[in-house]
Amino acid sequence: MAAGVYTTTKKDGSTYYRVSITYQNKHISLGSFYDYALASYIYETAREILQNPDKYYFFAESGMESFHSCPENFPLDKYIVLLNFRENHIYIKTPIFLCKNYFLYILNSETILTFNTDDLFYYSNHKILIRGGYYYVNDYGMQTSILSRYGIRSHAVKDRDYIFRNGNEHDYRYENIFIINKYNGVFQTSKKGRIFYRSKIHINGDFIIGTYDSEEEAAVAYNKAADIISPINGVSYTKNYIENISAIEYAAIYNRIRISKKLLEHNKLS
């Protein structure tokens with residue numbers, strides 16, 4: 001039996017092989033395989049990766065990150081884990097490579113995400129997955145978009161509700177993400193160079209609630225419209241939570257805010 005390869009038997013009696021390697025006094029799991037030859041190859045390749053920095057390496061410089069191609073049939077995530085541990089002497093179980101003042105999360109050879117070090121603990125313990133072009137993690141049994149960490153709504157649209165300042169949609173550093181529309185049903189608009197905020201609500205199509213001077217007013221208007229419409233059509237709308245105003249301020253805005261007459265008339269006819 002090759003070093004680092006251990007035979008394990010499943011409940012049904014079938015055999016598979018667990019592979020691990022010890023480096024800098026750290027026991028690192030490399031995965032489980034049904035083929036012994038592959039398991040042995042994984043161990044020997046891992047040892048070679050750790051012992052040959054000139055052959056297997058990660059080049060990290062802001063905007064120019066790249067790494068030597070992962071050996072054939074070797075798990076990419078384990079490859080990155082080994083490179084990072086060898087170079088930075090910190091073991092992280094997810095495919096993260098540490099850089100100065102930021103870190104990289106390598107999903108595949110073409111998709112490398114950049115994050116602030118503030119997020120290191122979170123992504124060291126949460127694996128990022130891709131589905132339909134969206135990145136998410138399994139958090140407390142729920143699939144959660146990584147955009148939610150920035151206060152971006154689940155149905156937000158890039159370039160309408162938020163933008164990447166430098167144009168790189170793989171750069172998730174906080175300073176690179178700017179939220180344009182952060183509230184449900186609220187959209188920024190402009191007229192003669194002046195910015196306004198328009199509220200819309202969906203009732204068999206979009207109804208304009210009104211146009212307001214501030215984002216907070218527009219968000220409260222959406223909530224008020226939802227309160228009016230929900231008892232009639234039975235739809236549960238996700239209301240806005242506005243952090244930077246008190247309960248008294250919220251009530252004052254709620255009472256004075258005007259709702260579109262067209263929307264009110266539609267509500268009476270429903």
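A polar contact here is a pair of N or O atoms within 3.5 Å; within protein, one of the two must be able to donate a hydrogen and the other to accept it, and residues adjacent in sequence count only if both atoms are side-chain atoms. By that rule, a polar atom of the N181 side chain sits 2.8 Å from the backbone nitrogen of Q188.

Some ground rules before going on. This is a predicted model, where local features need pLDDT of at least 70, side-chain atom pairs count only at pLDDT 80 or more, and totals for chains, interfaces and linings use all residues. Residues are numbered from 1 along each chain as its sequence is written, and side-chain values use heavy atoms, with hydrogens and water left out.

**Two buried asparagines**

Back to N181, which belongs to the loop between β13 (177–179) and β14 (186–191). Strands (E, at least two residues) and helices (H or I, at least four) are DSSP runs, numbered from the N terminus. N181 has a relative accessible area of 4%, so it is buried; the cut-offs are under 20% for buried, over 50% for exposed and partly exposed in between, with a 1.4 Å probe and protein chains only. Contact means heavy atoms within 4.5 Å. Leaving out residues up to four places away in sequence, N181 touches R153, R160, D161, V186, F187, Q188 and E215.

N176 sits in the loop between β12 (162–164) and β13. At 5% relative accessibility, N176 also goes down as buried. A polar atom of its side chain lies 2.8 Å from the backbone nitrogen of N166. Beyond four places in sequence, N176 has contacts that include I163, F164, N168 and D171.

**The largest pocket**

What lies nearest the centre of the largest pocket? Those residues are R153, H155, N184, G185 and Y222, out of a lining of 14. The pocket search runs on a 1 Å grid over the protein atoms alone: a pocket is an open set of points where a 1.4 Å probe fits, with protein on both sides within 12 Å along at least five of seven lines, and lining residues have an atom within 4 Å of a point. The space inside comes to about 320 Å³, a volume being what is filled by probe spheres set on the points, with grid points joined across faces, edges and corners.

Strand β15 (residues 194–202) gives the largest share of that lining, with 3 residues. By type, the lining splits into 4 nonpolar, 6 polar and 4 charged residues. In that scheme Ala, Val, Leu, Ile, Met, Phe, Trp, Tyr, Cys and Pro count as nonpolar, Asp, Glu, Lys and Arg as charged, and the others, Gly among them, as polar.

**Hairpins and positive phi**

Strand β15 also has a partner: it pairs with β16 (residues 206–212) in the antiparallel sense. Two strands pair if DSSP finds at least two bridges between them. Here are three antiparallel pairs side by side.

| Strands | Bridges | A bridge pair | Residues between strands | Positive phi |
|---|---|---|---|---|
| β9 (129–131) and β10 (134–139) | 3 | R131 and Y134 | 2 | G132, about 60 degrees |
| β10 and β11 (142–145) | 4 | V137 and T144 | 2 | Y140, near 55 degrees |
| β15 and β16 | 6 | H202 and D206 | 3 | N204, near 55 degrees |

Most residues other than glycine have a negative phi. Positive values also turn up in other loops. N73, in the loop between β5 (66–67) and α2 (76–88), has a phi near 70 degrees. K192, in the loop between β14 and β15, has a phi near 55 degrees. Buried or exposed, then, for K192? K192 has a relative accessible area of 85%, so it is exposed. N73 is exposed as well, at 55%.

**A46 and E65**

A46 belongs to helix α1 (residues 36–51). Its relative accessible area is 0%, which means it is buried. A46 touches I21, L30, F74 and L82, not counting residues up to four places away in sequence. A46 and K78 are 32 residues apart in sequence, with 8.7 Å between their C-alpha atoms.

E65 is found in the loop between β4 (58–59) and β5. From E65 to V19 is 46 residues in sequence and 29 Å in space, C-alpha to C-alpha. Setting aside neighbours within four places in sequence, E65 is in contact with F58, F59, A60, Y102, L104 and I112.
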